[in-house]
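This report concerns aromatic rings, the charges placed over some of them, and the packing of one helix. Please keep the sequence and the structure in view while reading.

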Amino acid sequence: MDYNIGLYNNLKVSTQFIGDITGMCPDYQDNTRAMGGYWTGAFTLQGLPLTELEEWYNYHLGYRVVRQVGGQTKWEGFISQMRLVSGGQTYIRDLNTMVNRALVYYRDVTGGVTTPTAWNTNALSLANYGQRDDTYTLDGVAAAVATDYRDTQLTRYGWPKSVAAGGTLFAGGDVKIPPILYVQLSGYVFTLNWRLVVSAIAATANLSAFITTLIGESEFVTAGTITSNTRQVPQKFLSAMRSWDAIEKLANIGDSAGNRYVVQVGANRKMDYKLAATAVGYDIANGKLYELDGSECIPGEIVPDRIARRRDAPTGFWQGDVYSNPRNAYLSEVQFKAPGVVTLMPDRWNVNEQLLALLQYNQAARAGEVVEHFRGK
Amino acid sequence: MAEQLLLSDAYGSISLISQSGVGVLYGGGSPQRAPDPDARIIDTYKCKIVGTSDDNLAAQLIALNRILENAARYDQDATEENECWITEQLAAETNPHYSLLLGGGWQYDHNPHSIPTRNAHVALITLAIKRLAFSEAGTSGAGPYLGGALVSSTGLTAFGGSSDLTAQALGDMPARVQIVIKGNIGAIDTVWAGFHSFRKASAYGAGTLSDHLTPIWESELGTMGTNTATTAAYDATSTGATPKSIIVSFADALWAERIVLTAHQVNAAYDRDQVGRFLILMRARLDTGTDTVQARLRSGYYTTIITPQYKTLDPVTVAGTDFQYYEMGTVKFPPIQGILRTPLGSIGTYNMALSLLAARTSGTTSKLIVDHFALVPIDEGFCKMSGLSLSAANFGLIGSTPKNIPLSGFYAGATGFSSSVPTAQQNFYMPFNAGRIYYFAQRLNLSVIGDTLDSSVYIWPRYYSLRGAS
């Protein structure tokens, strides 16, 4: 393998390395986005005894998964959901539906002003998995009722407990279905949306400084390289916002010169805010993807926020910026599939690019064929 | 040595060529050869089992089932520790070869209740065994897990120290390895290691097994770029024959090229040997201050005639006034595959280059000092361990099991084993034929001149074919 996948303990517990799981998950895949960085991933565990799968299911939610090439991190995230299929039944544990810190906005029976209850938490869940906020609304109730409601939700959703989620209990005949565990991964960028924006300062500041502030409110992500952007913005939002949603909106503003920016959570959960690529980073020629020095790309190292240039593309007359060049495709997302298949997804914003191809680069077969499919959307 | 064809588990063995027990019928075996080393193959044997009584016959079949069941459990159950093997050795072979047994089954070829077989306590069966596609050579008759050739090296420099693995390069496919790394001088925290086979080197074409890869590219050998100079005098904190570094003074605020370093500048006689894929480590520090200084490496062909086309790696932030290694990214030399087989030949390696861009992105005082670039081979077997604290008593272990499962850990003395050190390994098998393993190491965020380590490389040659020379 030209990559390896390491399993680490849940960051809330420790940074301990558990083991190399490269061989256990031959169908491993992950996605990285220009806007967001390490995004999602998935793999399946099968052919293992049920006891082994149950060990994973019961204890590995929240564990950190790192894919490396040459010892360098190329994707990092955590186990956010697991689906265990066993005995004809599907069971799910999911961090995405967990709520361990909550409040309720309520109005009493007099129809007065909307008032929030105090926050309450499920402390054990918070200590094990990290803080995930949610808010609720109730109309026409007293304060005590609102707090009851809040605490009921925390009891109900506070712990990512196992939930039976359907299946075939009475399969035909005596067919024995081997147990399978589907593991879903999320990049740490998703944990930014676990929290609501706290900053409520009306005074304006550099846009980049406000992004730094918002990153500072995160539990798992820290600021990496933050490019200065002096566009002034207030350090608050008019309505409740989740942190990643807020950061993405700010990044999409650009700057006074019309430049595009991206924010990416990368290795070691560092978030960078930087100008989007404006120079060609890859070449596509002879059905292969190349670095600019002429070397063939290592599939596990290919990243988005690069402009891929088709050397042999017909161009005709064109006008516009670098993203409009018919030869160029700005890579907004890259998917890596073990052992070495990479799907390149061009920019979705550019009308021309919507008709450009998905590019599949198959290093595993050493064929290096670039297969083009019309995206159709 | 007597001929052997054994199935064995931790409890015992069954010979398939026994006169009085299980005997493979003449012409009744069909050992397979797999298309690739990761495949599993199934061999079938027509066997005649001769018992002294029906109960004895049944006991032999039960013993056979025991081994096959234990093999299947080892393959499927992560809690099983004891491997099962098929041991093969022809009469004239010096050592046996072991192939990992992963299960199997058998069926009667004749009705066991038929009178001829019942009266003679004989069972005629077809035995099918599932095994890994290759066999391992072991120097111990007890099993391959106790065998393996050993290459020990002491006092290897932390800056590209190497061990030659020539005599041990047996087998006809990449060999399994386990490496034990101990500290010699310095409490080493991180180790990078990679194989570089001799077949990549220029001498291989002349039938010679040697290599002139220069794993350390001293920065002062390069062509200085914008606001860059070599340190003037002997620099005791730098590596090299006349230790020096380069110093970038940042009179500009740009991402400018600070140095370019070609293969020919590094090793004029053997630029042709600087080939492969490498992880590049940069040994660097700041002279003073806490400014933010970033560097990004480029690779490709250096030229002044046209604009060079480089692969550009991601920026890395250099911090602190102590030298340490920074992982800059991976490069391929020569960039263009096949260039060495053109009529122009080794001109394709002359100006293979590393080019360093650097910028002081905040502050006004810090200067960047770069001692060297280390080339860690990654394409023929690579590993990295970190979080160690190596000494003569504390050591790291990395390698793989007979079933190709990665294995690593840290031993603090005789009893303090821990698997919690982060490790990474890629294709970590000793390359076919012969080669060299290179080591690079540093303390926790600190690279110190004079640090050394000891290594013990355990090698299990592997064979696609059933027979080998060991």
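In this predicted model, A:Trp194 has a relative accessibility of 4% and therefore counts as buried, since the cut-off for that class is under 20%. A:Phe220, at 12% relative accessibility, falls under the same cut-off and so counts as buried too.

These two residues form one of the 24 aromatic pairs that the structure holds over all chains. The ring centres of A:Trp194 and A:Phe220 lie 6.3 Å apart and their planes stand at 90°, so the pair is edge-to-face. The pair joins distant parts of the chain, 26 residues apart, with A:Trp194 in the loop between α4 (189-192) and β14 (201-206) of chain A, and A:Phe220 in the loop between α5 (207-216) and β15 (222-226) of chain A. Both rings also belong to a cluster, in which ring pairs link them with A:Phe78 and A:Tyr188.

Chain B offers another aromatic pair, B:Tyr411 and B:Phe417, which is tilted, with 4.7 Å from centre to centre and 55° between the planes. B:Tyr411 has a relative accessible area of 25% and is partly exposed, and B:Phe417, with 44%, is also partly exposed.

In chain A, two arginines are placed over tyrosine rings, as the table sets out.

| Arginine | Ring | Distance to ring centre |
|---|---|---|
| A:Arg83 | A:Tyr182 | 4.7 Å |
| A:Arg260 | A:Tyr323 | 4.1 Å |

The helix α5(A), which precedes the loop that holds A:Phe220, has as its buried residues A:Leu207, A:Ser208, A:Phe210, A:Ile211, A:Leu214 and A:Ile215. Around the helix axis these residues cover an arc of only 160°, which means that they lie on the same side of α5(A). Among the elements that cover them are the strands β14, β15, β16 (232-235) and β18 (270-275), together with the helix α6 (243-253), of chain A.

How far these details can be read depends on the confidence of the prediction. Chain A averages a pLDDT of 88, and 90% of the residues score at least 70. Within chain A, the mean is highest in strand β17 (residues 261-265), at 98, and lowest in strand β25 (residues 370-374), at 30. Over residues 349-377 of chain A pLDDT stays under 50, although the model has 84 contacts beyond four places in sequence for this stretch. Where pLDDT is low, the predicted coordinates should not be read in detail.

Terms used:
Residues numbered from 1 in each chain as written. Chains lettered and ligands numbered in written order. Predicted model: local features only at pLDDT ≥ 70, side-chain atom pairs only at ≥ 80, totals over all residues. Heavy atoms only, no water. pLDDT = per-residue confidence, 0-100. Helix = DSSP H or I, 4+ residues; strand = E, 2+ residues; numbered from the N terminus. Contact = heavy atoms within 4.5 Å. Phe/Tyr/Trp six-rings, centres within 6.5 Å; stacked < 30°, edge-to-face > 60°. Buried < 20%, exposed > 50% of the residue type's maximum accessible area, 1.4 Å probe, protein only. Lys NZ or Arg CZ within 6 Å of the ring centre and 35° of its normal. Arc of directions from axis to C-beta.
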